[in-house]
Amino acid sequence: MMTSQTHDFAADAGARVRVEALAPVARFSLRVRQQGRAALGRALGLDLPERVGEVARAGERAVLCLGPDEWLIHAPEAETDAIAAAGAEVYAEAPHALVELSDREVSFAITGPAAAELLSIGCPRDLGRLAPGRAVRTVFDSAQVVLWRDGAEAFRVDVWRSFAPHVGALLDAGRAEIAAGL
Amino acid sequence: MSRFRLPGKGRVNHAETVRFSFDGKAYEGLRGDTVASALLAHGIHLMGRSFKYHRPRGPVTADSAEPNALIGTSRGPGRFEPNTRATVQELRQGLECESQNRLGSLAFDLGAVNDALHPLFPAGFYYKTFMWPRSFWDRLYEPIIRRAAGLGRAPSEVDPDIYASRYLHTDLLVVGAGPSGLMAALVAARAGARVTLVDENPEMGGAILSDPGVGIDGQPAWDWLAQTLEELASLGVRLMTRTTAIGYYHQNMIGLCEKITDHLDTIPDGAPRERMWRVRATRVVLAQGALEKPLVFHGNDRPGVMLAGAAQSYLHRWGVRVGDRAVIVTSHDSAYFTAFDLAEAGTKVVAIIDTREAPPEALRAEARARGIELLAGHTVTGTKGRLRVASVTVNPVEAGRIGDPRMLHCDCLLMSGGWTPSLHLFSHTKASLAWDEQSRTFLPGRMTEECHIAGAGRGLWGYLDALSDGAEAGAAAARALGQEAEAPTPAVAHDRAGTGESHKELPTDRTSSRVRAFIDFQNDVTAKDIRLAVREGMRSIEHVKRYTTNGMATDQGKMSSINGLMIAADAVGKAPPEVGLTTFRPPYTPTTFGAFAGYHKGATFEVTRATPIDGWAEENGAVYEPVSLWRRAWYFPQGGEDMDRAVARECRATREGVGIFDASTLGKIEVAGPDAVEFMNRMYTNPWTKLAPGRCRYGVLLGEDGYIRDDGVIGRLGPDLFHVTTTTGGAARVLNMMEDYLQTEWPDLDVWLTSTTEQWATVALNGPKARKVLEGLVEGADMSAEAMPHMSVAECRVAGFKARLFRLSFTGELGFEINVPARHGRALWEALMQAGQPHGICAYGTETMHVLRAEKGFIIIGQDTDGTVAPEDAGLGWAIGKKKPDFVGKRSLARPDLVAEGRKQLVGLLTEDGHVKLEEGAQIVFDPDQPKPMKMVGHVTSSYHSATLGRSIAMALIEGGRDRMGETVHVPMPDGVVRAKVTSTAFYDPDGDRLKL
């Protein structure tokens, strides 16, 4: 079912790209109008980023701007209830939708010198223009994904749960191809 | 050493022998050979047979435009490929190839009887021949034509190869790595652009590979090439060989097909055979060069007759002389250099036949100096030789009169009709072509994309012009990218510039009916066929093409289009651009299906969505059915049950005890915000204002046209929060429709929509014992009938998991739907199965769900509705909030045709014989004795055998159906007319007593 390829690092030292299914995190979709941004930012402990693709971080909490009124929140699972409560607290002052999606999506980490190359088998974006630290909503093959670039050679892909086996199988196929070196 | 191979010459590796076989016979070639060059090195020209007349044929080109030398190649089971061009396929150890399109052997082809009968097969012969009698078509003509049609042998096994694909972004894509393309890439890369350079050949260089005698920037051309490639690599240019730009699409999207393993002796594990690149380039330089035109004369298709440029390539790239005695026939200067180079390599050049009266003096002098006879102002009127050209007949032409013939013995005849700029990719962009009267060819006209076209591709000739133009294009592209760039002027020594003339058929003294001058070699189209097509009324080149099949061969007209046009224009009596040029369409060269399919085969053919509970279903023997992209458990057969028995058992178990069903695929949308209730009032037909938190309601969604689009149960979790469910297939569509209204019509509403379909796993529990199974697992909610009546919802914990618990029923039994975070779906399911064991819990699939809901008359969107069913038609008038000022579709419900009498209405049908099950989709008539064609008054939408009722039941849309209760209608079926009674759709427990638990 789920593609989970976690490798012993020493044995895999020569590999040019690694694919890992990641442990669950707390995920929320936040929708709020311009007037409510500041209040939600205060509630979440960071300033909501203003431009699509920008990520704001506070501790292990990351908030990605996906649209003019849309943010995606990732946080450690232990913070789930606190985030929901923080939103509820400012609801009257700043009406918004804060919907938990921790189970809607799963994430893969794609790392290594050939990480961008592997993603290019299914992602039509120019990954060279996605700066480390940023993230975008895009597609991988026929699945909608959120693609985070954590570093020059480190990406994460969030994908809806039922699309994950397909995305995982394609990443596996691409990895075999890259390993073959042709 | 093969007799025609020149020791040490060419770019092949003379130290490495490669063994291969052709038609079962073993041969040796060299590393770097193509099948064609290796066979030519052995003196073999005969490589194939033509399609229609089965005429013997040899390679006419040395490249991807080859129409004749098509072979089948194989490297084991599933890896057979027909119609491979021998001029493109590189040798690999053990390569097995076979000739094709022959009956018997290549040398003695029984199919050649067609050639003797050629007067019977003029252009369009099958339009004329196979028309009458009409009845012969299906039984005789079509089977025969189908057997005769098609090139090569279709592979019969599954292709085991891997095909890959990638996306690529680049500042500048240069197509073609000849002199222009190399210079363009070099200049742009030096200026700092991200450059990708592609070429379909195994190595870069283009014409330079066939012209080592030219000097560039003070170096021999090949040294300059090596140094340039090195510099390109060091500048970070992505260099892609064996990569064909197959199509040029909108906004500089170019498709590239890269051949990866076909040339390798062994395929590394996991290596793809081909890779499709989807390239988005900011700028494009097209440097595809030009295609040499054959000359059109009687017998121009014999093995040994080939393009002069091809002979020159075989000589310089592969060190192969294509014959011992060559005759050159040309209308262009370029073929002189072939003659000179061949003479130098030891081939006797018998004569150069120039169709022009006055070839340039420099070339005449050079021919004289080499002792080559030059026959200017001559034509070729025929060739002889059975499987290889043995002689050519030439005649002087003076003032249009053909002089006396002279026969020249030769073993190869090298022709050049001049060069056509390769504008294929340029044409894919729908850019316009401009006819150039002086050069009598099409040149690039108005551009539609951010592209440049350079070198021979826009009609320039000679290395200095090609290199300079490439440099200019590279500089222009770089400047367009915001870089500073200047085009250097290269220095060229021993340039091979030149000009030529363009012809229709060469003049001849033969009776026109006896001339067989080929234009499309593969499809056996002759000049005569084109003229016949025009005589028979074809005026546009598109019609001429379809009537004669000219240009429809696998080379897609690369050899034939322009010659066909010249002759058609002459026959019509108009200028060529007025007759038109056939449209070039992708792909540029034949491309495998595998390359297009990429990863989309086998397990990754298409996304298959599975629920969190899917694993349990699989382990418990579920039979699946696809529902949109999902695979859903259809039924769970036990002990060899067939579907009917399994479904009957599942239905009974649910009605009598308790059934469990995976409803996770239901679409779910969280509607949240202060204006949530207002939004719901505007979207759905139902009123929502008075729905209290903790209660739910069946909602109906219409389109603007008033027809039913979707439905589902919607729970109100708080004043500002609704949990909306949609149909499985409608999830994405409904969310998009809602977003559309919200963003474009009601941006003022403070409400937001979020898809939670996959956040929740949903398990439905139905049956009189459902509460007994569930209540022990529920914390934080009172499960009693009083506290949790039908159509209510609670947030609580079930089996320890955070849950949204609905009490609702799609079966007519006491029912619950439990939503838990998706990762816990299977654990919840298993907990319920365990708790249900003492009560005989039974897992059921979608078929049982369908039967149970049909027994209650509940509709399925898309099955009982088809986009033309309004709420009243479906008996859902009660779901319309009559007092609401508006909702989507409200206005349309008052349309005259929606309030008219006699609309089709959803009713129940009971067949007179309860054993007979109607067919879904079957048409219905009121009077089976009326004359044909009968008036159809509706159709069966749902039909099942109901184990509960012990008979069949059906639902149908019938004109004025609700006014016909108790009447008999007739359903004509192949084995007789079935009588059925119109009834209510509530077949089971019409008063809903079973919900009152």
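Strand β18 (residues 325–330) and strand β19 (residues 348–354) of chain B pair in the parallel sense over six bridges; strands count as paired if DSSP finds at least two bridges between them. Here helices (H or I, at least four residues) and strands (E, at least two) are DSSP runs, numbered from the N terminus. This is a predicted model, in which local features need pLDDT of at least 70 and side-chain atom pairs count only at pLDDT 80 or more, while totals for chains, interfaces and linings use all residues. Residues are numbered from 1 along each chain as its sequence is written, with chains lettered from A and ligands numbered from 1 in the order in which they are written.

Let us stay with β19(B). Between β18(B) and β19(B) the chain passes through helix α8 (residues 334–345) of chain B, in a right-handed β-α-β crossover. Right-handed means that, with the strands pointing away from the viewer, the path from the first strand over the helix to the second runs clockwise. A right-handed β-α-β unit is also made by β19(B), helix α9 (residues 361–369) of chain B and β20(B). Six of the seven residues of β19(B) are buried, that is, 20 or more other C-beta atoms, placed from the backbone, lie within 10 Å of their own.

Here are some strand pairs of chain B, each with one facing residue pair.

| Strands | Sense and bridges | Facing residues |
|---|---|---|
| β18(B) and β19(B) | parallel, six bridges | B:R325 and B:K348 |
| β19(B) and β20(B) (373–376) | parallel, four bridges | B:A351 and B:E373 |
| β47(B) (904–911) and β50(B) (951–959) | antiparallel, six bridges | B:Q905 and B:I958 |

The β47(B) and β50(B) strands belong to an open, antiparallel sheet of six strands, in the order β48-β49-β50-β47-β52-β51. β48 (923–924) and β51 (968–973) of chain B stand at its edges with a single partner strand each, so one side of each has no neighbour in the sheet.

Now for the meeting of the two chains. Chain A gives 33 residues to the contact and chain B gives 35, where residues are in contact if their C-beta atoms, placed from the backbone, lie within 7 Å. On the side of chain A that touches chain B, β2 (26–32), β6 (96–100) and α4 (164–180) of chain A each supply at least two residues. The largest share there, eight residues, comes from α4(A).

Conventions:
Buried ≥ 20, exposed ≤ 12 C-beta atoms within 10 Å, placed from the backbone. Contact = placed C-beta atoms within 7 Å.
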